[in-house]
Amino acid sequence: MVEEGEFLNRIRGLLKIYPRGLTISEISQRLKCNRNSVAKYLEILQISGTVEMQQMGAAKVFYISQRVPISSLLGFTKEGIMVLSSDGRIIQINERFCRMFDLDAGSVSGMSYETLSEEILQAFSFRTYISSDSESEHTAVLTFCKYDWCRYFKVKYIKTVFDDGRSGLTVIVEDVTLETEMEERLRMSEARYRGIVEDQTELICRYNKDGIITFANGAFCRLFQMNPTELITHSIFEYLMPDAAFQLRDGMNSCSPFSPVFEVEFELIPPAGGLRWYHWVNRALSDENGALIEFQGVGRDINDRKHTELELLIKSHAMDSSIVPIGLVSLEGCMTYVNRAFLDLWGYNDINDVIGLPFEHFSKRNEPSFSEIIGNNPGIRKKEGHTTDITGMKRDGSPIHATVTISGVYDQTNEPICLIAYFYDVTHWVRMLRELEIKDTAIAYSYEGMAIISPEDVIMYANPSFKRIFSRVPDGSFENRSIEWGMSFYPQIIGSLPDIRAALNEKGNYTRVFTDIDEKGACLVMQLHLSRVFDKNGSVLCTLISVLDITNQKAIEESLALMVDQLEGTVEQIGDPTFIISRDRMVVAWNEAMEILTGIRKRDVIGSLRYSEIIRNVSPSLPVLVDLFDLSPKDLIQQYPHVSRVGNSFYAEAFIADFQDGKGTYVWAKASPIVDTSGKVIGYIQNIKDMTNWKRAVESVSNRILS
């Protein structure tokens with residue numbers, strides 16, 4: 001039995017052979033199949049758009065559709081095209097459409113049209129035309145506005161049928177902004193022309209193809225000091241500079257019945273002397289056959305405007321070239337102009353990315369709004385200006401601190417028309433001040449005593465810790481006093497000042513530990529360090545003093561040293577091999593029995609971290625239990641099943657075959673943590689007992705019992 005897909009291919013192939021078409025009966029005869037089946041498959045092909053049908057009398061003639069797939073045309077048309085499925089998904093979209101509405105084809109393809117921007121959804125009525133039952137084509141002209149600009153588009157909505165029979169909607173967009181604006185300009189020019197003719201306040205004249213003046217109004221005659229009766233003896237080109245004459249001739253040659261109007265701006269040469277700028281709107285006049293017979297020109301004096309434009313151009317260039325970031329802000333708080341320095345400051349490349357943004361866009365939300373700045377500072381309205389600090393984010397997300405000076409811009413009637421803002425990047429200074437504040441705070445709250453001495457040996461600054469350590473000096477009297485006066489309360493230090501100065505002059509620094517008696521009669525131990533600070537020229541800027549009260553530290557060190565001596569003495573009294581490691585795995589005790597057992601002398605292992613390697617080199621089977629305290633119970637059981645744990649101690653037995661001249665030795669090992677008075681682990685101790693005699697005695701008794 002022929003499959004459905006194969007039968008459809010056979011029908012398509014047959015219709016390609018007969019491009020003029022075949023009826024259902026003809027197809028049925030040629031394919032030798034049932035007529036109803038042919039009709040069913042033709043209906044499928046017709047729905048998919050592959051086949052088209054034409055009614056010829058009572059017969060229906062079917063032929064291959066000559067339509068080109070829309071996907072083949074998307075990249076070769078100047079119109080923007082977007083194809084939507086019946087459920088609103090964007091099936092296809094061309095690059096032209098994306099450029100029109102600032103979209104990314106890769107991001108929107110396959111997405112619902114509802115994910116498009118609010119401006120696009122408001123401009124296009126996608127839902128209305130997708131849900132419409134009408135199969136006819138719809139055309140509309142819409143206005144698309146964004147920020148402070150508008151564009152005009154001619155849109156066609158076409159119901160579409162896809163190859164698989166599903167329906168959809170094709171949207172074709174043509175940008176008619178230029179045509180619309182040109183039409184608007186033409187209407188304005190015509191309105192201007194009618195107004196000029198009615199009141200005749202501007203220059204009006206007519207001239208033929210050779211430039212001979214055939215008509216001129218009174219204003220034209222007065223300007224050029226001519227009598228209306230002598231018009232035909234003068235040419236319009238007599239009063240034009242060569243460049244202006246070229247513009248006029250070029251405009252005349254470009255005119256046609258379909259484009260009869262052209263505008264030019266040039267300077268005229270009145271007989272009274274002096275050049276004046278005029279804006280001319282010229283229209284070609286045709287006879288009933290469409291042949292050009294003459295031109296009519298309406299000239300308006302724009303000399304003041306030209307000079308104003310020149311001044312504005314100079315001022316605009318000056319603003320654009322300024323190294324100070326400048327922005328013009330409307331009274332509603334939106335940016336209307338920024339110079340290049342502004343774009344560089346905030347990290348923008350194109351002025352169009354900034355125009356229309358609110359002023360608040362360049363500051364944090366918790367800072368005063370634009371309306372609050374204007375309302376709370378009447379000086380802006382009074383031309384006095386106002387300066388404020390803002391904290392914002394550049395386009396790349398980096399923070400920026402700026403000082404902004406805002407002042408008003410006023411018209412001739414002293415009414416404000418906009419505001420001008422000058423921005424100064426103070427990020428570096430704010431960062432420096434913040435760093436200085438942090439450093440000052442850190443120094444002030446440092447536990448280490450710190451002081452700064454000027455090159456004249458006067459104490460410029462002393463933090464609270466410095467004053468606390470040197471408590472004999474009267475409180476609050478350190479600053480602006482000589483160092484000799486401050487140290488005079490400490491005989492041990494004041495006596496060393498000559499040595500301190502000599503060391504500073506020679507090496508630039510000095511360190512020493514001083515011992516003295518504090519005001520309560522207790523021992524006071526201080527570590528004093530002085531260092532010189534130089535500028536880039538090598539001159540002394542100041543001398544830094546740092547001092548630490550190490551009285552408690554010294555006491556602890558002495559106690560620890562005593563404790564270590566006592567511990568070593570105790571370990572030496574233990575008859576079994578014993579060694580102790582600190583919390584950081586350094587050997588602190590290694591008794592004589594351990595030396596005999598391993599053959600390693602105490603002086604070769606004390607202070608070493610390699611005790612495990614040393615022991616295993618002597619005998620790999622000798623257990624080292626002090627390394628197991630960092631293991632979890634699970635890892636301990638899995639890796640060392642022969643090790644027992646009782647409380648906080650580890651126990652293990654082992655037979656060392658190479659001890660006692662190869663006879664072997666049974667040993668029993670125990671490792672325990674060493675804790676201080678607060679319960680903190682400060683080290684570990686391991687004992688190793690020779691259990692050979694006991695083990696062999698037990699074996700002998702067992703053998704007797706068995707025998």
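**Exercise 1. The second largest pocket**

What volume does the second largest pocket have? Describe also the residues that line the second largest pocket.

*Solution.* The model is a predicted one, and in this model the second largest pocket has a volume of about 540 Å³. The next step is to turn to the lining, which is made up of 21 residues, and of these Met100, Asp102, Lys146, Tyr147 and Trp149 are the closest to the centre of the pocket. Two or more lining residues come from each of the elements α5 (95–100), α7 (118–123), β5 (138–146) and β6 (149–161), and the largest share, three residues, is given by α5. Sorted by class, the lining of this pocket holds nine nonpolar, two polar and 10 charged residues.

**Exercise 2. Salt bridges between parts of the chain**

Find which residue forms a salt bridge with Arg127, and which with Arg395, and place each partner in the structure.

*Solution.* Side chains of opposite charge can pair when their charged atoms come close. The whole structure contains 18 salt bridges, among them the one between Arg127 and Glu114, whose closest N and O atoms are 2.6 Å apart. Because Arg127 belongs to helix α8 (residues 126–130) while Glu114 sits in the loop between α6 (105–108) and α7, this salt bridge ties together parts that are 13 residues apart in sequence. As for accessibility, Arg127 is exposed, with a relative accessible area of 53%, whereas Glu114, at 46%, counts as partly exposed.

The partner of Arg395 is Asp353, and here the closest N and O atoms are 3.1 Å apart. Arg395 is found in the loop between β15 (386–393) and β16 (399–410), and Asp353 in the loop between α13 (340–346) and α14 (370–375), so this pair joins parts that are 42 residues apart in sequence. Arg395 is partly exposed at 48% relative accessible area, and Asp353 is partly exposed at 33%.

**Exercise 3. A salt bridge inside a helix, and a network**

In which helix do Arg187 and Glu184 lie? Name also the residues linked in a network of salt bridges.

*Solution.* Arg187 and Glu184 both belong to helix α9 (residues 177–199), where they are three residues apart, about one turn of the helix. The closest N and O atoms of their salt bridge are 2.4 Å apart. Arg187 is partly exposed at 43% relative accessibility, and Glu184 is partly exposed at 36%. The network, for its part, links Glu265, Arg305 and Lys306. Lys306 also lies over the face of Trp277, at 4.6 Å from the ring centre.

**Exercise 4. Aromatic pairs**

Decide whether the ring pair of Tyr113 and Phe126 is tilted or edge-to-face, and do likewise for Tyr348 and Phe362.

*Solution.* A pair of aromatic rings is described by the distance of the centres and the angle of the planes. Of aromatic pairs, the structure has 29. For Tyr113 and Phe126 the ring centres are 5.2 Å apart and the planes stand at 50°, so the pair is tilted. Tyr113 lies in the loop between α6 and α7 and Phe126 in helix α8, 13 residues apart. Tyr113 is buried at 8% relative accessible area, and Phe126 is buried at 1%. For Tyr348 and Phe362 the centres are 6.4 Å apart and the planes stand at 70°; planes over 60 degrees apart count as edge-to-face, so this pair is edge-to-face. Both Tyr348 and Phe362 are buried. As a last step, ring pairs link Phe97, Phe101, Tyr113, Phe124, Phe126, Phe144 and Phe153 into a cluster.

Key: Residues numbered from 1 in each chain as written. Predicted model: local features only at pLDDT ≥ 70, side-chain atom pairs only at ≥ 80, totals over all residues. Heavy atoms only, no water. 1 Å grid on protein atoms, 1.4 Å probe; cavity = no way out; pocket = protein on both sides within 12 Å on 5 of 7 lines; lining within 4 Å. Points joined across faces, edges and corners; volume = space filled by probe spheres on them. Helix = DSSP H or I, 4+ residues; strand = E, 2+ residues; numbered from the N terminus. Nonpolar A, V, L, I, M, F, W, Y, C, P; charged D, E, K, R; others polar. Salt bridge = Lys/Arg side-chain N within 4 Å of Asp/Glu carboxyl O. Buried < 20%, exposed > 50% of the residue type's maximum accessible area, 1.4 Å probe, protein only. Phe/Tyr/Trp six-rings, centres within 6.5 Å; stacked < 30°, edge-to-face > 60°. Lys NZ or Arg CZ within 6 Å of the ring centre and 35° of its normal.
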